[in-house]
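Let's take a friendly walk through this structure together. Have the sequence and the coordinates open as you read, and follow the side chains as they come up.

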Amino acid sequence: SIPPCRCGEYVDCIDDSCRQAYCEVCPEGGYCDCEVACASLPGLANVKSCPPGHYCPRGAGWPVACSEGTFSPDRDAKKSASCKPCPFAMSSGQGAASCTLTQLSIIIIACSSAGCLCLSGGCFMV
């Protein structure tokens with residue numbers, strides 16, 4: 001019989017006929033939400049892939065979002081170290097797969113190629 005598992009686990013079988021099953025801890029790089037934990041069909045194939053902008057440690061019941069100012073473009077990230085800091089003049093929100101230019105960096109790029117003067121009220125062509 002198939003046992004009920006907790007979030008962060010999935011059902012696996014002892015033999016091919018699956019007459020006996022047990023709860024296995026979800027592996028790194030994937031997550032096992034409550035839907036996976038209660039799946040009627042057992043197996044590792046039920047483990048969900050960790051999305052970009054997140055990481056999934058062993059036993060994850062849901063993906064953990066990268067913090068603001070960091071990003072992770074990769075699927076199936078396993079550790080918080082997968083969330084890299086955004087480069088200079090770029091930023092990101094929580095759970096970002098990439099960083100974007102900040103408004104200040106766009107002004108600096110535009111002004112450096114066009115020649116302008118930036119004051120507290122804005123930038124002006126010179």
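**Bonds that cross the chain**

Cys-5 is a good place to begin: this residue is buried, with a relative accessible area of 9%. Keep in mind that the model is a predicted one. The sulfur of Cys-5 is bonded to that of Cys-23 in a disulfide, with an S to S distance of 2.1 Å. Turn the view to look along that bond and you will find a torsion of about -95°, so this disulfide is left-handed. Cys-5 sits in the segment before β1 (9-13) and Cys-23 in strand β2 (residues 21-25), so the bond ties together parts that are 18 residues apart in sequence. The partner, Cys-23, is partly exposed, at a relative accessible area of 29%.

How many disulfides are there in total? The count comes to six, and two others deserve a stop on our tour. One of these joins Cys-26 to Cys-32, with the sulfurs 2.3 Å apart. Its S-S torsion is about 80°, so the disulfide is right-handed. Cys-26 is buried, at 0% relative accessibility, and Cys-32 is buried with a relative accessible area of 0%.

The other pairs Cys-86 with Cys-99, the sulfur atoms being 2.0 Å apart. Here the torsion about the S-S bond is about -85°, so the disulfide is left-handed. Its two ends come from distant parts of the chain: Cys-86 is in the loop between β8 (84-85) and β9 (90-91), while Cys-99 is in the loop between β9 and β10 (100-101), 13 residues apart. Both Cys-86 and Cys-99 are buried.

Now move to His-54, which is found in strand β5 (residues 54-55). Is His-54 buried or exposed? His-54 has a relative accessible area of 19%, and the cut-off for buried is under 20%, so this residue counts as buried. Its side chain reaches the backbone oxygen of Pro-52 at 3.1 Å. Setting aside neighbours within four places in sequence, His-54 has contacts that include Pro-63, Val-64, Ala-65 and Cys-66, and also Ser-72, Ala-77 and Gly-95.

Let's turn to the charged side chains. The structure holds four salt bridges. In one of them, Glu-28 meets Lys-79 at an N to O distance of 2.8 Å. This pair links distant parts of the chain, with Glu-28 in the loop between β2 and β3 (30-31) and Lys-79 in the loop between β7 (70-71) and β8, 51 residues apart. Glu-28 is partly exposed at 36% relative accessibility, and Lys-79 is partly exposed at 48%.

Which residues are linked in a network of salt bridges? They are Asp-33, Glu-35 and Lys-48. Start from Lys-48, which is partly exposed with a relative accessible area of 23%. Lys-48 forms a salt bridge with Asp-33, where the closest N and O atoms are 2.7 Å apart. That bridge runs from strand β4 (residues 48-49), home of Lys-48, to the loop between β3 and α1 (34-37), where Asp-33 lies, 15 residues apart. Lys-48 also meets Glu-35 in a salt bridge, at 3.7 Å from N to O. Because Lys-48 lies in strand β4 and Glu-35 in helix α1, this pair ties together parts that are 13 residues apart in sequence. As for the two acidic partners, Asp-33 is buried at 18% relative accessibility, whereas Glu-35 is exposed at 59%.

Notes:
Residues numbered from 1 in each chain as written. Predicted model: local features only at pLDDT ≥ 70, side-chain atom pairs only at ≥ 80, totals over all residues. Heavy atoms only, no water. Disulfide = S-S within 2.5 Å. Helix = DSSP H or I, 4+ residues; strand = E, 2+ residues; numbered from the N terminus. Buried < 20%, exposed > 50% of the residue type's maximum accessible area, 1.4 Å probe, protein only. Polar contact = N/O pair within 3.5 Å; in protein donor to acceptor, adjacent residues only side chain to side chain. Contact = heavy atoms within 4.5 Å.
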